[in-house]
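Thanks for making the time. I have one structure to go through today, so please look at it on the screen while I talk.

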Amino acid sequence: MWVPSRLRHKRHAPVDLGAVSAVPFDKVREKAEGIEGMLSGFSMQVMDSVLTFQRAVGSEGGIFEFGVYKGRSAAVLSAHAQPTEKFLIVDVERYITDETLSGLFSSPEFHLGSSENFAKDYDGYARLKRSVRFMHVDSSHSYRTTLNELKLADALLSAEGVLCLDDFSNLHYSQILPALYKYLYRSWTDLRVFLVTDAKCYICRRKHFDRYGSFVLNSLLDEMGRRGNRHVTLARTDVDREYRAFYLREKTDPDEDDLYGRSIYGHFYEKP
């Protein structure tokens, strides 16, 4: 493994995800890239890794997406939706075609509507609370909508659930950052950021931060490698009781270390 044993956190052992992938990643990527959209190969690799980890540790629950467009990210999600799980995609317009829907690995339910009105417009909403294990949000990106979606995620996510928020660090949508951190630090919530990339932010409940943090620390670089990308670096330059997320990015130099600033920040990689 890429993390030296002296830095390995022993509470949560690395999980080998090779045997539990529902669909081989090359098939997932081929399907997704055949659909028009902005989801990058890097983001596909990260999302697929997190969803596979959930399967490996036995997490169950619905898979939801708000902001579908033509279905590229829905294709990745569809590779992980189990027959017993609710798979729901929501958008204000139906850009996704019947042909695309029928070609996904699992068939989702499509709901026409907005995230702002989902709680009152979707029949059976009350039964969905605390039942979603993975929720991907890629909708309007407005400040108020993002605040509402965080509130919605807080109501829907299961104890082990993950929220994946798109365009987290895209400053064309700089309003996402204040909306996210206003909600996290000004609301009564147990949501915590555990991983950020240049495109997305991954959030879990505080109780399960160590589980997801250990996965990122001990297994994520290997999982990216299994998906064809061994040129990635993990960064963490501070740990505080209020914020201890990791940052994952592609290397700018082939010889760059797997752990950013190891000689200076090595103690921040000792445990999640």
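I will go from the cores to the helices, and then to some single residues. Keep in mind that this is a predicted model.

Let me start with the nonpolar cores. The largest nonpolar core holds 49 residues, and the members that touch the most others are Met 47, Phe 134, Phe 194, Leu 195, Tyr 202 and Leu 248. Which helix gives this core its largest share? That is α2, residues 41-56, with 7 residues. There is also a second, separate core of 31 residues, and Tyr 125, Ile 176, Leu 184 and Val 196 are among its members.

Leu 195, from the largest core, is one to click on. Setting aside neighbours within four places in sequence, Leu 195 is in contact with Val 46, Lys 200, Cys 201, Tyr 202, Val 216, Leu 220, Ala 245, Phe 246 and Leu 248. Of these partners, Tyr 202 and Leu 248 were on the list I just read out.

Now the helices. In α1, residues 25-33, the buried residues are Phe 25, Val 28 and Ala 32. Looking down the axis of α1, these buried residues fall within an arc of 55°, so they line one face of the helix. The face of α1 turned away from that side carries Asp 26 and Glu 30, which are exposed. What covers the buried residues of α1? The cover includes α2 and α3, the latter being residues 72-78.

Next is α8, residues 176-186. Ile 176, Ala 179, Leu 180, Tyr 183 and Leu 184 are the buried residues of α8. Down the axis of α8 they fall within an arc of 120°, so here too the buried residues line one face of the helix. Two of them, Ile 176 and Leu 184, belong to the second core. The cover over the buried residues of α8 includes α7, along with strands β5 (157-166), β6 (191-196) and β7 (200-205).

That brings in the packing of α7 on α8. Helix α7 spans residues 143-156, and it packs against α8 at an angle of about 40°, with the two axes 8 Å apart. The crossing of α7 past α8 is right-handed. On the α7 side, the contact is made by Tyr 143, Thr 146, Leu 147, Leu 150, Lys 151 and Asp 154. On the α8 side, it is made by Ile 176, Pro 178, Ala 179, Leu 180, Lys 182 and Tyr 183. By class, this contact has 8 nonpolar, 1 polar and 3 charged residues.

Two loop residues by these helices in sequence order deserve a look for their backbone. Most residues other than glycine have a negative phi. His 141, in the loop between β4 (132-137) and α7, has a positive phi near 70°. Asp 167, in the loop between β5 and α8, also has a positive phi, about 55°, although it is not a glycine. Are these two buried or exposed? His 141 is buried, with a relative accessible area of 6%. Asp 167 is buried as well, at 15%.

Three more residues, and then I am done. Ile 89 sits in strand β2, residues 87-91, and is buried with a relative accessible area of 0%. Beyond four places in sequence, Ile 89 touches Glu 65, Val 68, Ala 74, Ile 96, Leu 101, Pro 108, Glu 109, Phe 110 and His 111. One of those, Ala 74, is 15 residues from Ile 89 in sequence and 7.6 Å away, C-alpha to C-alpha.

His 80 is in the loop between α3 and β2. At 2% relative accessibility, His 80 counts as buried. Again leaving out residues up to four places away, His 80 touches Asp 48, Leu 51, Thr 52, Ile 63, Glu 85 and Arg 133.

Last is Arg 244, in the loop between β8 (232-235) and β9 (246-250). Arg 244 is partly exposed, at 25% relative accessible area. Its contacts, on the same sequence cut-off of four places, are Phe 209, Asp 210, Arg 236, Asp 238, Val 239 and Pro 272. Arg 244 and Leu 195 are 49 residues apart in sequence, and their C-alpha atoms are 8.9 Å apart.

Note on methods. Residues are numbered from 1 along each chain as its sequence is written. This is a predicted model: local features need pLDDT of at least 70, side-chain atom pairs count only at pLDDT 80 or more; totals for chains, interfaces and linings use all residues. Side-chain values use heavy atoms; hydrogens and water are left out. Axes are lines fitted to C-alpha atoms, for helices over the stretch in contact, and angles run from 0 to 180 degrees between N-to-C directions. Helices (H or I, at least four residues) and strands (E, at least two) are DSSP runs, numbered from the N terminus. A crossing is left-handed if the near helix is turned anticlockwise from the far one by less than a right angle, and right-handed if clockwise. Contact means heavy atoms within 4.5 Å. Ala, Val, Leu, Ile, Met, Phe, Trp, Tyr, Cys and Pro count as nonpolar, Asp, Glu, Lys and Arg as charged, and the others, Gly among them, as polar. A nonpolar core is a set of buried Ala, Val, Leu, Ile, Met, Phe, Trp, Tyr and Cys residues joined through side-chain atoms within 4.5 Å. Buried means under 20% relative accessible area, exposed over 50%, partly exposed in between (1.4 Å probe, protein chains only). The arc is that of the directions from the helix axis to the C-beta atoms.
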